[in-house]
Amino acid sequence: MSLKPLGDRVLVKPDEAEHKTKSGLYIASNAQEKPQRGEVVAVGAGKLSDSGDRLPIDVHVGDTVIYGKFGGNEVKVNGEDYLLMRADDIYAIEE
Amino acid sequence: MSLKPLGDRVLVKPDEAEHKTKSGLYIASNAQEKPQRGEVVAVGAGKLSDSGDRLPIDVHVGDTVIYGKFGGNEVKVNGEDYLLMRADDIYAIEE
Amino acid sequence: MSLKPLGDRVLVKPDEAEHKTKSGLYIASNAQEKPQRGEVVAVGAGKLSDSGDRLPIDVHVGDTVIYGKFGGNEVKVNGEDYLLMRADDIYAIEE
Amino acid sequence: MSLKPLGDRVLVKPDEAEHKTKSGLYIASNAQEKPQRGEVVAVGAGKLSDSGDRLPIDVHVGDTVIYGKFGGNEVKVNGEDYLLMRADDIYAIEE
Amino acid sequence: MSLKPLGDRVLVKPDEAEHKTKSGLYIASNAQEKPQRGEVVAVGAGKLSDSGDRLPIDVHVGDTVIYGKFGGNEVKVNGEDYLLMRADDIYAIEE
Amino acid sequence: MSLKPLGDRVLVKPDEAEHKTKSGLYIASNAQEKPQRGEVVAVGAGKLSDSGDRLPIDVHVGDTVIYGKFGGNEVKVNGEDYLLMRADDIYAIEE
Amino acid sequence: MSLKPLGDRVLVKPDEAEHKTKSGLYIASNAQEKPQRGEVVAVGAGKLSDSGDRLPIDVHVGDTVIYGKFGGNEVKVNGEDYLLMRADDIYAIEE
């Protein structure tokens with residue numbers, strides 16, 4: 001099963017908040033804060049302008065993106081956590 | 001009796017919050033949270049643009065959709081609970 | 001006397017919140033909640049677009065409609081209670 | 001002296017909240033609530049659209065109108081109370 | 001010195017809240033309320049529409065106008081109090 | 001060093017809140033209130049309309065302007081206090 | 001790794017809040033306030049207008065800019081703090 005975002009929405013797989021330490025343990029880098037970085041896994045067809053045209057979306061599947069702390073709605077797909085957010089809530093692409 | 005949603009509204013039958021256990025009992029998977037997944041059962045004709053045209057709606061009858069926790073207004077049709085929501089409050093389609 | 005709603009407004013006669021019991025008594029089905037279902041008794045000429053055109057209204061006199069809990073303003077016409085609401089506050093038509 | 005409302009504003013003479021009883025006394029029908037019914041005594045030239053055209057107003061001098069409980073600003077003209085309200089705050093015309 | 005209001009702003013000289021009594025004393029007619037009536041002493045060139053045109057203003061120098069209780073910003077010009085308000089905050093012209 | 005305001009922003013040097021008394025002392029005329037009068041020292045190129053044109057700004061370098069009590073953001077340039085405000089927050093020009 | 005801001009967003013490297021004293025110590029100039037001055041290190045392609053055109057951005061890489069106290073979202077790139085802000089949140093360019 002997969003999700004097809006609607007309009008100007010984008011499906012993002014957030015980075016894990018855990019990092020493997022040298023000793024092999026997983027620890028949360030910052031338990032207080034949710035990650036603000038993730039990978040785009042699906043992109044909507046774009047928002048409809050008032051004249052009925054689709055406005056293109058600036059991110060593409062596979063992009064590593066930076067987004068706001070409160071960006072997006074959490075959804076679970078096949079047991080994994082994803083975020084569905086509007087393209088405009090994505091701040092930047094890592095290059 | 002059935003409902004014809006108006007404008008950019010969509011009628012959604014939310015998934016049951018109950019799941020049958022092996023022993024046959026129905027239990028709520030998460031009593032605190034309402035389901036955010038359902039099936040589209042009726043779609044409006046689309047919102048009127050300021051120039052008088054209908055803007056098409058991206059979901060269709062039969063689509064399984066994901067929507068926000070606070071999306072939609074509850075209505076009872078023939079004793080069953082439905083949600084009437086704006087098409088833009090639907091985040092994604094399951095495929 | 002009758003009311004002609006203005007612009008995109010619609011006059012709705014809400015369903016009675018009372019139902020006659022077998023013993024003949026009228027009881028409110030749900031004293032806490034106002035009905036969200038009613039019949040359209042008058043429809044405005046439509047909202048003026050910025051270019052001066054009337055945008056058509058999707059409901060017609062006689063339609064049974066579903067509307068929001070907080071939709072509309074109560075008015076009394078000839079001693080009976082009606083609601084004056086904007087057409088966009090009507091969610092759906094019963095068919 | 002008279003008032004010429006500006007733009008999409010309308011001058012309304014609210015109904016008296018008092019009614020003469022058979023015995024000749026004047027009593028307020030509902031001391032808690034201001035009247036929501038009145039007569040249009042002057043109408044503005046209409047709001048300017050962004051393209052510089054006047055958008056017509058749907059009420060005319062002499063119309064008996066129904067308006068919201070919180071509609072309009074009170075003004076005193078020649079010692080009498082009037083309401084200056086935007087045309088869109090008028091819900092309906094009595095016919 | 002004089003003030004030239006900008007855009008859709010208008011300079012208004014509010015009526016004095018004081019009235020001379022027969023005995024020659026000045027008393028405030030209503031100490032609680034600021035006057036809502038004044039004379040237009042200067043008018044801006046009009047707001048720029050998005051297409052770069054000026055939208056005309058409906059009041060002119062010398063008009064006696066009625067405005068809202070909270071309309072405008074107080075400014076002192078040559079020691080006297082004036083109000084600078086947007087033309088849309090003026091409700092009506094006295095005739 | 002100087003500042004070039006962006007878009008519809010204007011750089012204003014506020015009047016000093018202090019006045020020299022005859023005895024040569026500087027006293028604040030009104031310690032509670034910030035000055036609302038100043039001189040325009042730089043003007044942006046104008047806001048971009050949705051069609052990509054610059055909308056002209058009605059104030060020019062050297063104008064003495066009146067602005068709102070809460071208008072603008074304080075910035076320090078070469079140790080002196082200035083205000084950066086949107087052109088629309090300027091009410092009038094002194095002439 | 002570097003960041004490509006999206007739409008009308010701009011990546012800014014804020015000035016250090018610390019200054020080296022003559023004795024070689026770093027002290028914060030004002031511990032209460034974040035710097036409001038920085039250097040533009042990356043600029044988005046511009047916001048899409050409703051007609052699908054990109055609206056140009058008035059700042060360029062290398063510009064020293066002044067921005068609001070609450071402008072932008074903090075992001076860490078290669079261990080250093082940056083701000084991602086909308087171009088309109090930048091007030092002025094230092095020249």
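The following conversation concerns the contact between chain G and chain A in a predicted model.

Colleague: How many residues does each chain bring to the contact between chain G and chain A?

Modeller: Chain G contributes 17 residues and chain A contributes 14 residues.

Colleague: And how much area is buried there?

Modeller: About 1,500 Å² is buried between chain G and chain A, with 53% of that area coming from carbon and sulfur atoms.

Colleague: How many salt bridges cross that interface?

Modeller: There are 3 salt bridges across the interface of chain G and chain A. One of them joins Arg9(G) to Asp88(A), whose closest N and O atoms lie 3.9 Å apart. In addition, 8 residue pairs are in polar contact between the two chains, counting pairs with both residues at pLDDT 80 or more.

Colleague: Which strand of chain G gives the most to the side that touches chain A?

Modeller: That is S1(G), with 3 residues. Strand S1 (3-5), strand S9 (73-77) and strand S10 (80-86) of chain G each supply at least two residues to this side. By class, the side holds 7 nonpolar, 5 polar and 5 charged residues.

Colleague: Which strand of chain A pairs with S1(G), and in what sense?

Modeller: Strand S11 of chain A, residues 90-94, pairs with S1(G) in the antiparallel sense, over 3 bridges. Within this region, Leu3(G) in S1(G) has Glu94(A) standing opposite.

Colleague: A change of topic: what rotation superposes chain D on chain E?

Modeller: A rotation of 51° does so, with 0.0 Å of shift along its axis and an RMSD of 0.0 Å. The two copies use different surfaces, as 12% of the contact residues of chain D recur in chain E.

Note on methods. Residues numbered from 1 in each chain as written. Chains lettered and ligands numbered in written order. Predicted model: local features only at pLDDT ≥ 70, side-chain atom pairs only at ≥ 80, totals over all residues. Heavy atoms only, no water. Least-squares fit on C-alpha atoms with pLDDT ≥ 70 in both. Contact = heavy atoms within 4.5 Å. Buried area = accessible area lost by both parts, 1.4 Å probe. Salt bridge = Lys/Arg side-chain N within 4 Å of Asp/Glu carboxyl O. Polar contact = N/O pair within 3.5 Å; in protein donor to acceptor, adjacent residues only side chain to side chain. Helix = DSSP H or I, 4+ residues; strand = E, 2+ residues; numbered from the N terminus. Nonpolar A, V, L, I, M, F, W, Y, C, P; charged D, E, K, R; others polar. Pairing = 2+ DSSP bridges.
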